[in-house]
Amino acid sequence: MRKKMKLVLIGLEITIILVMVTILYLVMNKTSDGPKTYILDPEVLEIHEEVIEQKQEGGTMHGYMNVALFGLDAQTDNQLYKGSLSDSIMIASINLDNGEIRLVSVYRDSYLNIGPYKGQDEYYWKCNTAYSSGGAEQAVKMLNMNLDMDITDFVAVGYKGLSSVIDGLGGVYIDVDSEEITHLNNYQIGVSDVLKCDYTPVTEPGYQLLNGLQATAYCRIRATGGAGDEGWDFKRTARQREVLKAIEEQAKKTDLATLTKVFNDCIGNIYTSIESKDILALIGNIANYSIVEEAGFPTVDRRTTGNIGAKGSCVIPMDLESNVVWLHQFLFGDENYHVSESVKEFDKRIAEETSRYLKK
């Protein structure tokens, strides 16, 4: 079952494309050590007892595999492990019976319990800080704690990995609007400084081929649309999903030799819980798996934004409990989900810490 569960990781998100390339390479190059691997211990991942019992009793989460996907602002190789913010956080939930995949972007500025921080056992702040503080393990714990999830696997990638994959695929086609051009080029400057390379400005709007640096910069735009539903991190996560779909489209057109070369360019920038020995056993038909729905957390009708004192601008789940109920309905079709006692406690704490800063 674990081998079958691992197979469905292929092709899910920007980082998952790297996994697909890894598989192809390892089959052709048996001596490769593969990506940087770190196996997470389920015993320390803060999976609530209620969630464990529900799965054991054959509840609605039974038969699904849930994977955390992290896109990092890592500027060094060491920051793949810790010390970088996870600017992209996604949960990929895979129905193992029918191959349907649902993606949820967890907004990076969401005000949640991030776990140990600044000498405290529990600290509430922007959820992307969890990866910076404690790496993949703490980031996965954060998702499990706040969302009643059972995640034990992750894939993480930085600027180098994403840019290299897109360049290796010959670029991706994206519809860039006039409002995005200036921001895209400004972000190119910052990313090119990290990657120590030149950049080519985008000069015109419209549907066009973007190279790796341009597409990576496009994923980072968050300045358009104001602070409403189309702005902040909400619009940026939509761009990330747009690039994801474009990468998948290009990857499906690419031959195995080219995908192998892509792996050579980016393998050192993958950090994952997937072991090479498992990956080697995964060659099969991935056409049976498809992304059927995508969304963002917290939902538009259950969130607000505000400056929470010294903690800055955050996305606040106005009711964490109802957001988690919605999440389990969206991912697993559970119309009668009851959250854990821990989520109820976190919900109260979030309200206590944020209510005085929010507009009445």
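**Figure 1. An overview of the predicted model.** Helices and strands here are DSSP runs, of at least four residues for a helix and at least two for a strand. Counted this way, the protein holds 12 helices and 13 strands. The model is a predicted one, and 56% of its 360 residues are buried. Among contacts with a separation of 6 or more, 73% join residues 24 or more positions apart. Turning to the outside, the accessible surface comes to about 15100 Å², with 48% of that area belonging to carbon and sulfur atoms.

**Figure 2. A close look at the largest nonpolar core.** This core has 54 residues, and those touching the most other members are Phe-70, Leu-143, Leu-147, Phe-154 and Phe-297. Helix H4 (residues 129-147) supplies the largest share, 9 residues. A second, separate core has 21 residues, including Ile-174, Val-176, Ala-215 and Val-262. As background, nonpolar side chains tend to be buried together in soluble globular proteins.

**Figure 3. The surroundings of Phe-297.** Let us zoom in on one residue of the core. Beyond its neighbours within four places in sequence, Phe-297 is in contact with Val-104, Ser-105, Val-106, Tyr-107 and Ser-110, among others. Its partners also include Leu-147, Leu-320, Asn-323, Val-324, Trp-326 and Leu-327.

**Figure 4. Inside the second largest cavity.** The protein has 3 cavities of 30 Å³ or more, and the second largest cavity encloses about 90 Å³ of space. Its lining is made up of Ala-74, Gln-75, Thr-76, Asp-77, Leu-80, Gly-158, Tyr-159, Lys-160, Val-194 and Asn-269. Sorted by class, the lining has 4 nonpolar, 4 polar and 2 charged residues.

Conventions: Residues are numbered from 1 along each chain as its sequence is written. This is a predicted model: local features need pLDDT of at least 70, side-chain atom pairs count only at pLDDT 80 or more; totals for chains, interfaces and linings use all residues. Side-chain values use heavy atoms; hydrogens and water are left out. On a 1 Å grid over the protein atoms alone, a cavity is a set of points where a 1.4 Å probe fits but cannot get out, and a pocket is an open set with protein on both sides within 12 Å along at least five of seven lines; lining residues have an atom within 4 Å of a point. Grid points are joined across faces, edges and corners, and a volume is the space filled by probe spheres set on the points. Ala, Val, Leu, Ile, Met, Phe, Trp, Tyr, Cys and Pro count as nonpolar, Asp, Glu, Lys and Arg as charged, and the others, Gly among them, as polar. A nonpolar core is a set of buried Ala, Val, Leu, Ile, Met, Phe, Trp, Tyr and Cys residues joined through side-chain atoms within 4.5 Å. Buried means under 20% relative accessible area, exposed over 50%, partly exposed in between (1.4 Å probe, protein chains only). Contact means heavy atoms within 4.5 Å. Accessible areas come from the Shrake-Rupley method with a 1.4 Å probe; for residues, only the protein chains shown count as cover.
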